[in-house]
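Me: I would like a close look at a single part of this structure, the one where helix packing can be followed step by step. Please set that part in the context of the whole chain, and take the reasoning slowly.

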Amino acid sequence: MLLNIHNLSPLADSGRLGTVLLFLLIDLFIKGAETASQAEIDRHLEIGRDFLARGQLSDALTHYHAAVEGDPDNYLTYFKRGTVYFALGKAKFAISDFSRVLELKPDFLAARAQRGSVYLRMGDYENAEMDLMVVLRMDPHNAEANMHFSRIGPARDQWALCVDLMERGDFNTAVALLTQLLEVCPWSVTIREARAQLYLRLGDRMAAVSDFRSVNRLSQDSTGGYYQLARILYDIGDSGAALKEIRECLKLDPEHKDCFPFYKKIKKVDKVYVDAQQAREEQRYADCIAAGEKLVKLEPDVPMIVYNGKQLLCSCLVKEEQFTSAVSRCREALDIYPDPEVMCDRAEALIGAEMYDEAIAQYREALEVNDSLQRAKEGIEHAQRVQKQAERRDYYKILGVKRSATKQEIVKAYRKSAQRWHPDNFQGDEKKMAEKKFIDIAAAKEVLTDPEKRRQFDAGQDPLDPEAGRNGFGGGNPFQHFHHGSPFQFKFHFT
């Protein structure tokens, strides 16, 4: 519009002219802002392309976000951001961007092909089929669309077969087929969760946890996902990992109605469990036993938490040489979960209780679960040696000390036993019996106070056995001449 300033009255002139100039300034400002805004958008797109070329996807995504915000009606900008989401494996965001592209430009085949590909990876066969059919009607020779479309039917059939196998209880075959299916549909929550549940049924807890974590990531790390993962981890006995996941839930919602009370429970249980493990590592076996008993009572309705407690009791009771109780607790743990390491602990308890055949059978059972378990292989050999040794003398029993006794405790027990069974205290036949007992006591002291001889004995070999060809005092048993009578009087002095 042109303004004829000559027709303005003197009074109106200054007012009207000011208004016109103001509008002109505003118009210029808006046009300048639009120009600056477009330049800024182009700059973000260019930087985004550079980051994308270098494989720095997260940085590229940041600039594509800015470009979309600057021009929310540009279908190409949405498409570029969608491809980055696709590369990052963020399926839902990729679907959203590709769908927005198709709203703005319905005939953009590249976006429809990409969306169909994402749907296939998500295991959404129906939507994948619809998108890819549209692409192939308009571009029958599209190689990528043809490839993805050809996979839909076999994938759908394989999923149906997996469902049938799961219903019939053929879990191993189902896991193998689900693993194949995940190569085509890696972003399928349904398929991955199904495999996770099967891993639990098969006892492969770590594989199950890995799949459940993937499920949570695919579900966009929600409070519900963290809570579900924490519950699963807790139910399989991993209270430490459960505590970590429930804390992630509370970061999103500190007062979450499910996560907060569950957090308090897990924290209490995990502290007892950690205390018990630490006591075992520090060889405070009595404290370990007390904590294990407490853990069993804390969660009687969660089998794997109970298992953790009984497994610790099994291990620490063996170390404390409470073999009868250990055999029982180990069996209770194995009734919950057949861990070959616990089987080996129980076998050690059976050896301590002098039930050698049962111990060997338990080691062999452990090898049936894990045929490469070296501890079980060595355990069988050890049990057989100790069984043979048991037919001779047990120096620990002779002195009445534990196998973990210190040298000071052994010397103290020796003095007490030697004073009691000194042959000078007896007459007649009793003197002969005392002589034999005294010889065994002296031999026990020699072996158990000599580190090398004690190591040999603990390994199942008697260092004083003449048949072993070992030379002690006088060759073989240093007191063997006492067996044939001795002209010497026993005059020992104990200091």
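**Helix packing in context**

Reply: Of the contacts in the chain with a separation of 6 or more, 50% are between residues 24 or more positions apart. The model is a predicted one, and in it the chain has 23 helices and zero strands. Of its 495 residues, 42% are buried.

The part to examine closely is the run from helix 13 to helix 15, beginning with the pair formed by helix 13 (residues 259–281) and helix 14 (residues 285–298), whose axes come within 8 Å and cross at roughly 155°. Because angles over 145 degrees count as roughly antiparallel, helix 13 is roughly antiparallel to helix 14. The crossing of this pair is left-handed. On the side of helix 13 the contact is made by Lys268, Val269, Val272, Tyr273, Ala276, Ala279 and Arg280, and these meet Tyr285, Asp287, Cys288, Ala291, Gly292, Lys294, Leu295 and Leu298 of helix 14. Sorted by class, the residues of this contact are 10 nonpolar, one polar and four charged.

The loop between helix 13 and helix 14 holds Gln283, a residue that has a positive phi of about 60° although it is not a glycine. Most residues other than glycine have a negative phi. Because exposed means over 50% relative accessible area, Gln283, with a value of 58%, counts as exposed.

Helix 14 also packs against helix 15 (residues 303–319), at an angle of about 160° and with the two axes 8 Å apart. This pair, too, is therefore roughly antiparallel, and its crossing is left-handed. From helix 14 the contact takes in Tyr285, Cys288, Ile289, Gly292, Glu293, Leu295 and Val296, while helix 15 brings Ile305, Val306, Asn308, Gly309, Lys310, Leu312, Leu313, Cys316, Leu317 and Lys319. By class, this contact has 11 nonpolar, three polar and three charged residues. Read against the contact with helix 13, the lists show that helix 14 uses Tyr285, Cys288, Gly292 and Leu295 towards both of its partners.

Following the chain past helix 15, one comes to the loop between helix 15 and helix 16 (323–336), where Glu321 is found. Like Gln283, Glu321 is not a glycine and yet has a positive phi of about 60°.

The wider setting of these helices is the nonpolar interior. In soluble globular proteins, nonpolar side chains tend to be buried together. Here the largest nonpolar core has 118 residues, and those that touch the most other members are Val118, Tyr125, Tyr234, Ile246 and Tyr363. Helix 15 gives the most to this core, with 10 residues. A further core lies apart from it and has 18 residues, including Phe438, Ile441, Ala443 and Ala444.

One of those highly connected residues, Tyr125, shows how such contacts are spread along the sequence: leaving out residues up to four places away, Tyr125 touches Leu120, Ile152, Ala155, Arg156, Trp159, Leu181, Cys185 and Ile191.

A last loop residue makes a useful contrast with Gln283. Ser188 is found in the loop between helix 8 (171–184) and helix 9 (189–202), but at 3% relative accessibility Ser188 counts as buried. Beyond its neighbours within four places in sequence, Ser188 is in contact with Arg121, Met122, Gly123 and Leu218. Of these two loop residues, then, Ser188 is buried whereas Gln283 is exposed.

Notes:
Residues are numbered from 1 along each chain as its sequence is written. This is a predicted model: local features need pLDDT of at least 70, side-chain atom pairs count only at pLDDT 80 or more; totals for chains, interfaces and linings use all residues. Side-chain values use heavy atoms; hydrogens and water are left out. Helices (H or I, at least four residues) and strands (E, at least two) are DSSP runs, numbered from the N terminus. Buried means under 20% relative accessible area, exposed over 50%, partly exposed in between (1.4 Å probe, protein chains only). Contact means heavy atoms within 4.5 Å. A nonpolar core is a set of buried Ala, Val, Leu, Ile, Met, Phe, Trp, Tyr and Cys residues joined through side-chain atoms within 4.5 Å. Axes are lines fitted to C-alpha atoms, for helices over the stretch in contact, and angles run from 0 to 180 degrees between N-to-C directions. Angles under 35 degrees count as roughly parallel, over 145 as roughly antiparallel, 65 to 115 as roughly perpendicular and the rest as oblique. A crossing is left-handed if the near helix is turned anticlockwise from the far one by less than a right angle, and right-handed if clockwise. Ala, Val, Leu, Ile, Met, Phe, Trp, Tyr, Cys and Pro count as nonpolar, Asp, Glu, Lys and Arg as charged, and the others, Gly among them, as polar.
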